[in-house]
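Welcome! Here are some short exercises to work through with the model open beside you.

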Amino acid sequence: MLSENELIQIRRHLHQIPELALKEYETHAYLLQVIAQLQTDYMEVQTPAELPTALLVLIKGTAPQRTIGYRTDIDALPVTEATGLPFTSQHPGVMHACGHDIHMTVALGVLSYFASHQPKDNLLFFFQPAEESENGGKLAYERGIFNGQWRPDEFYGLHDNPDLPAGAIGCRMGTLFAGTTELNIDIEGQGGHAAFPQDANDAVVAMATLVTQIQTIVSRNIDPIQSGVVTIGKVEAGTIRNVIAGHARLEGTIRGLTQEMLLKIDDRLRALCQGLEVSFGVKVELELNQGGYWPVENNPALTKRFINYMQTAPGVNFIETKPAMTGEDFGYLLAKFPGTMFWLGVEDDAQLHSATLTPKEASIQRGVTAITGFLTARMNEK
Ligand SMILES: CC(=O)N[C@@H](CCC[C@H](N)C(=O)O)C(=O)O
């Protein structure tokens with residue numbers, strides 16, 4: 001079983017080798033190396049050919065009634081790290097800014113416990129690529145990697161949370177995370193000389209107007225008692241100060257706690273894009289892609305058990321949380337397999353996706369202890 005100190009060294013190594021969605025080859029190789037040291041005769045490891053940076057590890061139980069799945073994501077973000085940590089990212093422009101290094105380490109800690117204490121039920125660990133983009137969970141499901149002995153009867157997974165105390169477990173009945181839709185908008189106008197706007201059709205002015213109009217969707221079109229978010233995270237236009245840009249592109253994300261909310265926001269976006277074509281004489285292409293980022297809906301019966309355990313287990317700091325507007329493609333897997341997603345507190349002033357995110361490492365061992373305790377208790381239930 002991996003000690004707390006060994007887990008911290010593993011986390012620091014993973015932190016130095018962050019990789020973007022579907023390119024997690026070095027991470028995959030390192031995970032395999034750690035897992036090989038934990039190998040027992042009741043463990044099977046598989047790299048699915050259909051998704052080559054994913055990893056499945058099955059620990060066979062002594063008297064299995066079910067296969068319990070535990071999922072961790074493994075990808076990182078295109079963020080330039082600014083933590084100044086001695087174990088900072090060695091991959092320029094890429095960082096574990098969402099804490100997936102912590103997620104993987106906790107999963108390895110739980111795996112190492114059951115590799116040396118054979119469980120009663122089967123335990124399936126799924127190291128999933130591409131959570132931040134590219135729909136790794138959906139791809140895994142659609143490409144059929146959860147077949148035969150690799151199919152979980154129920155699934156659990158966590159996300160780190162800087163707003164909660166280190167090691168605290170947060171969860172709620174019902175919806176934990178929003179569904180998200182990625183949006184891309186291309187605006188085609190007419191380029192020209194900066195001095196002769198009358199002969200051009202400025203895509204920058206059309207784009208700026210659209211960005212402002214988009215702000216009215218949440219403020220004016222949705223019920224204030226409900227929730228929605230539209231964030232434009234990236235804008236691109238132009239080449240130099242004295243050339244009017246003929247093309248502009250916006251990239252953003254839509255968030256809603258229900259599918260109805262997401263579809264309503266989609267409709268308003270379509271209408272605003274059509275209006276922009278009329279009012280500015282530009283051509284607008286709107287692309288909406290929800291992929292696997294469905295709302296994360298916790299299964300009522302399993303989540304009740306999970307919360308009961310965490311509320312009463314000695315040494316676990318359980319906090320009931322509100323729904324969050326973060327997205328997670330575990331939402332897709334929870335629509336296919338019953339299960340529970342929960343938070344692990346990592347206590348930091350920086351937010352997720354920030355270049356200075358520095359999760360507290362004390363959360364790792366506390367998370368491992370809470371999760372191994374829960375899984376053991378779950379295996380003793382009918
Ligand atoms: C926990 C977290 O931060 N998840 C990501 C999920 C990305 C969703 C998708 N690529 C999108 O941008 O809509 C998040 O940004 O919430």
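**Exercise 1.** Leaving aside its neighbours within four places in sequence, which residues is Asp-73 in contact with?

*Solution.* Before starting, note that this is a predicted model, in which local features need pLDDT of at least 70, side-chain atom pairs count only at pLDDT 80 or more, and totals for chains, interfaces and linings use all residues. Residues are numbered from 1 along each chain as its sequence is written.

- Step 1: take contact to mean that two C-beta atoms, placed from the backbone, lie within 7 Å.
- Step 2: with that rule, the partners of Asp-73 are His-100, His-103, Gln-128 and Glu-131.
- Step 3: find Asp-73 in strand S3, residues 67–73 (strands are DSSP runs of E, at least two residues; helices are runs of H or I, at least four; both are numbered from the N terminus).

**Exercise 2.** Is Asp-73 buried or exposed? Settle Glu-132 in the same exercise.

*Solution.*

- Step 1: a residue is buried if 20 or more other C-beta atoms lie within 10 Å of its own, exposed if 12 or fewer, and partly exposed in between.
- Step 2: Asp-73 is buried because it has 28 C-beta neighbours inside 10 Å.
- Step 3: Glu-132 counts as buried because it has 20.

**Exercise 3.** Where does UniProt place the feature "active site"?

*Solution.*

- Step 1: the unreviewed UniProt entry puts it at Asp-73 and Glu-132; such annotations may be inferred rather than shown by experiment.
- Step 2: although spread over 60 residues of sequence, these positions cluster in space, with a largest C-alpha distance of 8.9 Å.
- Step 3: Glu-132 belongs to the loop between strand S4 (122–128) and helix H4 (136–142).
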